[in-house]
Amino acid sequence: MTVTDLPETPAAAGADDLSIWPASATRLPHGGLAVGGVSLAEIADRFETPVYVLDEGEVRGRCRTYRDAFPEAEVLYAAKAFLSRAMVRWVREEGLGLDVCSAGELELAVTAGFPPDRIVLHGNAKSPRDLEAALRLGVGRIVIDGPSEIARIAASVGPGGHQKVMVRVVPGVSAGGHDKIRTGTDDQKFGLSLTDGGAQHAIARILSQPQLELTGLHCHIGSQITEVKPYLVALRRMVGLMARIRDAHGTVLPELDMGGGHGIGYRPGEPALDLSALARRLRAELVSGCAAARLTVPRLLIEPGRAVVGPAGVAVYRVLAVKHTGGKAFVAVDGGMSDNPRPALYGVRYAPRLIGRRSAAGSRTTTVVGRHCEAGDVLAADVELPGDVHPGDLLAVPVAGAYQLSMASGYNLVGRPAVVAVHGGSSRLLVRRETMDDLRSRDIGG
């Protein structure tokens with residue numbers, strides 16, 4: 001059944017806020033909810049739960065928003081947020097490039113038809129397989145993250161070869177929603193430091209390697225950043241380094257990659273990065289900074305991942321048990337930290353919603369937990385849900401498109417959920433559910 005012709009009921013306040021849901025989300029009679037013109041309850045019945053629902057129109061629309069905001073820049077989708085063959089096709093058709101951080105992501109993208117020269121390879125510790133795949137497939141650029149990679153890449157390319165590279169620079173800017181996702185300072189594993197001269201030394205070495213073409217600098221200061229200012233501070237420092245490279249080596253670099261980390265709201269009212277303001281102020285700062293340094297303005301690159309796919313995803317769970325203990329209400333669902341480890345890792349807070357029926361019960365402060373044997377398997381702590389939630393009910397969690405399935409594990413051998421795309425009133429399976437046969441087939445011992 002499709003639901004594009006059903007009317008939307010009047011908006012409700014509080015828990016009924018759809019501001020963080022895909023733009024296609026509509027309320028249905030009797031407490032239902034549709035995304036992409038398809039009832040989420042119908043998807044749960046057809047594809048079982050847990051299930052990830054990905055709104056193709058929302059993904060494509062967010063790709064276009066980035067292209068419109070940065071018309072002169074190269075926009076690269078950060079594949080680590082979520083990758084599938086369908087996602088590769090959507091990104092390619094919307095004119096974005098791709099950044100990957102493993103041979104697996106690279107091979108999937110290229111075999112799905114993505115042009116390798118529009119792909120950038122990242123990684124703080126690239127394996128021999130990563131580099132072999134990048135050179136074999138003709139990846140557009142390799143981002144050098146440490147000094148040892150210079151000789152490794154040069155040797156792999158060979159004396160007659162050629163590879164475009166960038167250098168990941170740590171600009172000394174602290175930004176991001178959690179300590180574990182702040183990557184712009186010297187106290188973490190990524191990049192080469194401006195402060196101790198590591199970046200400058202690496203650049204000099206690369207410029208001495210004839211088979212390596214240094215096309216530009218790269219930085220990524222963190223994730224879930226909701227303010228423009230940290231990007232501007234980082235950009236000034238990067239432009240300053242580009243000017244010093246010009247003065248020391250006579251080389252004017254044509255590209256500057258400012259990474260991603262653009263923050264989104266996971267609950268109604270939470271701040272998100274103003275993309276229009278970011279684009280406008282980055283461009284102005286780049287132009288003025290290069291003019292002051294008498295530099296040719298480099299081409300800007302950016303790498304959004306979460307901000308493209310996160311708000312396009314919805315996770316749907318079925319309630320298995322309800323427990324009242326210690327003065328608290330716990331609602332346990334049929335998924336958890338094996339399909340979404342982010343609350344346990346970063347303390348991320350979500351806004352789950354009852355779907356599939358309308359409740360007349362008053363709300364109650366509830367903690368939604370998973371089915372795994374860990375006390376930390378909590379999907380959403382202290383959220384408001386109807387007081388009559390019971391086993392068999394469906395809960396939907398918005399903003400579930402990024403860093404959930406891509407970080408999923410095999411804990412308790414539960415198996416990873418399916419991914420279903422919705423668009424124009426129809427649904428289709430993108431990634432099938434992991435089965436017990438899948439899990440057993442990897443275990444070949446005896």
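**Aromatic pairs**

Start with the aromatic rings: a search of the whole structure, which is a predicted model, turns up 2 aromatic pairs. A pair of this kind is described by the distance of the ring centres and the angle of the planes.

Select Y66 and F70 to see one of them. Their rings are stacked, with 6.4 Å from centre to centre and 10° between the planes. Now colour by accessibility. Y66 is buried, at a relative accessible area of 4%, and F70 is buried with a relative accessible area of 4%.

Next, select Y266 and Y350. This pair is edge-to-face: the centres are 5.5 Å apart and the planes make an angle of 85°. Which parts of the chain does the pair tie together? Show the cartoon around the two tyrosines. Y266 sits in the loop between β12 (255-257) and α9 (275-293), while Y350 sits in the loop between α11 (342-346) and β16 (353-355), so the pair links parts that are 84 residues apart in sequence. Buried means under 20% relative accessible area, so Y266, at 3%, counts as buried. Y350 is buried too, with a relative accessible area of 2%.

**Strand β5 and its neighbours**

Move on to residues 74-78, which make up strand β5. This strand is mostly covered, with 5 of its 5 residues buried. Turn on the side chains: E74, L76 and A78 point one way, V75 and Y77 point the other way, and all of them are buried.

Which strands pair with β5? Add residues 299-302, strand β13, which pairs with β5 in the parallel sense over 2 bridges. Zoom in on E74 here, and you will find L301 as its bridge partner in β13. Then add residues 97-100, strand β6, which runs parallel to β5 and is joined to it by 3 bridges. In β6, look for L98, which stands opposite Y77. To follow the chain from β5 to β6, trace it through helix α3 (residues 85-93); this β-α-β crossover is right-handed.

**Helix α7**

For the last stop, select residues 198-207, helix α7, and pick out A199, A202, I203 and I206, which are buried. Look down the axis of α7: its buried residues fall within an arc of 100°, so they line one face of the helix. That pattern has a simple background: an α-helix has 3.6 residues a turn, so residues three or four places apart point the same way.

What do the buried residues of α7 pack against? Show β8 (141-144), α6 (148-157), β9 (163-170), β10 (192-193), β11 (212-218) and α8 (229-249), and you have their packing partners on screen.

Notes. Residues numbered from 1 in each chain as written. Predicted model: local features only at pLDDT ≥ 70, side-chain atom pairs only at ≥ 80, totals over all residues. Heavy atoms only, no water. Buried < 20%, exposed > 50% of the residue type's maximum accessible area, 1.4 Å probe, protein only. Helix = DSSP H or I, 4+ residues; strand = E, 2+ residues; numbered from the N terminus. Pairing = 2+ DSSP bridges. Right-handed = clockwise from strand over helix to strand, strands pointing away. Arc of directions from axis to C-beta. Contact = heavy atoms within 4.5 Å. Phe/Tyr/Trp six-rings, centres within 6.5 Å; stacked < 30°, edge-to-face > 60°.
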